[in-house]
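Here are a few exercises to work through with the model open in your viewer. Try each task before you read its solution.

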Amino acid sequence: MTATARAKARSGRNVLLWCAAIVGISIVLAVLAPRNTDNYLDPAGHGPNGVAALVEVLRDHGVQVELVDTVAGLSAALTGSAGPAQTTVAIGDSRLLTARGAEAVTRAINGAGRLVLLDGAPAVLDVIDPDVQVFAAGGRGSDEFAAECSDSVVRDGATVGRFDLRLIADGGATSCFPLPRTAGIDHGALLVTVPVHEGIPETYAVGFGGALTNRYVTDAGHAALGLRVLGAHPRLIFYTPSITDQRAVDGAQEEGPALPAWLMPGLVLIGLAVLTLAVVSGRRLGRLVPEPLPVVVKASETTHSRAELYRAAQDRARTAAVLRQGTLGRLRSRLRLDTSATPDAVVAAVAAHGIPLEAARAALDGPPPDTDAALVRLATDLATLEEKVTPR
């Protein structure tokens, strides 16, 4: 096997090894990658962002907790309840909730005893009370925020030490845990209560949902406040919107199952592997290094082969042009003329060596020969011309 063949085989083997490594790592990643079971405000999430701890405490206090992820399930749970008025409905992470889904939720909770929006649920508030505005925020109180309001879920000394949203109520809603004003600007509050109206139950929009998660529920008075907000009735329905549910509510056709959680990390891994392969391959590329040719071809053989090609093509004009071009180049060098000197300049310089001007012009810049004999005479004349011209 030649060196070239061995190099090609080695390169192909390296590519196959890289492909096998990428496929193997992707399979391992697909099998071992952890599933995302800790969504924000997930009632079944035991991670730092879930609220399973608060839900378990509610159950220990005798509250019947039911988890649903569809509007139809929410409606069925309330319909089947012995007393909807004795049921609290809580909405967790509402980021997937569409405008049409929010309208469906408000219809489904008609007759419930209380509605709690743990992340403010702006889409639902737009339907229930457009005068309540929700703004993204986040922080931790240096001295914790006091309630400063009169509400059934707030007791003397209740404080909140962490918040995610700030809510500003311009209508008849009640605000608790106000944020400090700066330069006379109202920064809103962390809890807004919208009274019962038009079949909509009493609604609590919460701006401190993060304080009720497993990570922070034991801080300050967060646990007690969460129990009072969610445990006012003997039954709690915890609704978490889902993509499939919103598609069904919006009337969209199913587009297949949701993409697996490991797909994007897998694609990133494959991209990094391909990039690494490109870098490793590129490092082998350096400056060009001259190598000896495996076969040395004599110049006379190359010239003879080219002449045979011209003869086979009967291209006398091209042959004559090549011969004249070669003679002109050598004459410019011998006569010390510029490399861009025109044929007329070369003819004039040749004539200065005692060669008739017309003979020199006919040889160097005449019409192409029309027969093989004329081509041979031209080659002879050019050779004679070069012999008669001596270098300066």
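## Getting an overview

This is a predicted model, and its chain holds 13 helices and nine strands.

**Exercise 1.** Work out what share of the chain counts as buried, and what share of the contacts is long-range in sequence.

*Solution.* Start with burial: 36% of the 392 residues count as buried. Next, take the contacts with a separation of 6 or more; residues 24 or more positions apart account for 66% of them. Finally, look at the outside: the chain exposes about 22,500 Å², and carbon and sulfur atoms supply 58% of that area.

**Exercise 2.** Find the buried residues of helix α4 and say what covers them.

*Solution.* First, locate α4 at residues 99–108. Its buried residues are G101, A102, A104, V105, T106 and A108. Then look at what packs over them: the cover includes the helices α3 (71–80), α5 (122–128) and α7 (243–249), along with the strands β2 (87–91) and β9 (235–239).

**Exercise 3.** Is L267 buried, partly exposed or exposed, and which nonpolar patch does L267 help to make?

*Solution.* Place the residue first: L267 sits in helix α8, which runs over residues 263–283. Now check its accessibility. Buried means under 20% and exposed means over 50%, so L267, at 47%, counts as partly exposed. Last, pick out its partners: together with M264, I270 and V274, L267 makes a nonpolar surface patch of about 360 Å².

**Exercise 4.** Describe the second largest pocket: its volume, its lining and the elements behind that lining.

*Solution.* The volume comes to about 470 Å³. The lining counts 15 residues, and A307, Y310, T319, L323 and L375 are the ones nearest the centre. Elements that give two or more residues to this lining are α9 (299–313), α10 (316–334) and α13 (372–388). Of the contributors, α9 gives the most, with six residues.

**Exercise 5.** Where does P369 lie, is P369 buried or exposed, and what does P369 touch?

*Solution.* Begin with the position: P369 is in the loop between α12 (357–365) and α13. Its relative accessibility is 12%, so P369 counts as buried. Next, skip the neighbours within four places in sequence; the contacts left are R316, A320, A374, L375 and L378. To finish, take A320 from that set: A320 and P369 are 49 residues apart in sequence, yet their C-alpha atoms are 7.3 Å apart in space. Another contact of P369, L375, is also among the residues nearest the centre of the second largest pocket.

Key
Residues are numbered from 1 along each chain as its sequence is written. This is a predicted model: local features need pLDDT of at least 70, side-chain atom pairs count only at pLDDT 80 or more; totals for chains, interfaces and linings use all residues. Side-chain values use heavy atoms; hydrogens and water are left out. Patches are made of residues with over 30% relative accessible area and no salt bridge: like charges are joined within 9 Å, nonpolar side chains (Val, Leu, Ile, Met, Phe, Trp, Tyr) within 5 Å. Accessible areas come from the Shrake-Rupley method with a 1.4 Å probe; for residues, only the protein chains shown count as cover. A salt bridge is a side-chain nitrogen of Lys or Arg within 4 Å of a carboxyl oxygen of Asp or Glu. Helices (H or I, at least four residues) and strands (E, at least two) are DSSP runs, numbered from the N terminus. Buried means under 20% relative accessible area, exposed over 50%, partly exposed in between (1.4 Å probe, protein chains only). Contact means heavy atoms within 4.5 Å. On a 1 Å grid over the protein atoms alone, a cavity is a set of points where a 1.4 Å probe fits but cannot get out, and a pocket is an open set with protein on both sides within 12 Å along at least five of seven lines; lining residues have an atom within 4 Å of a point. Grid points are joined across faces, edges and corners, and a volume is the space filled by probe spheres set on the points.
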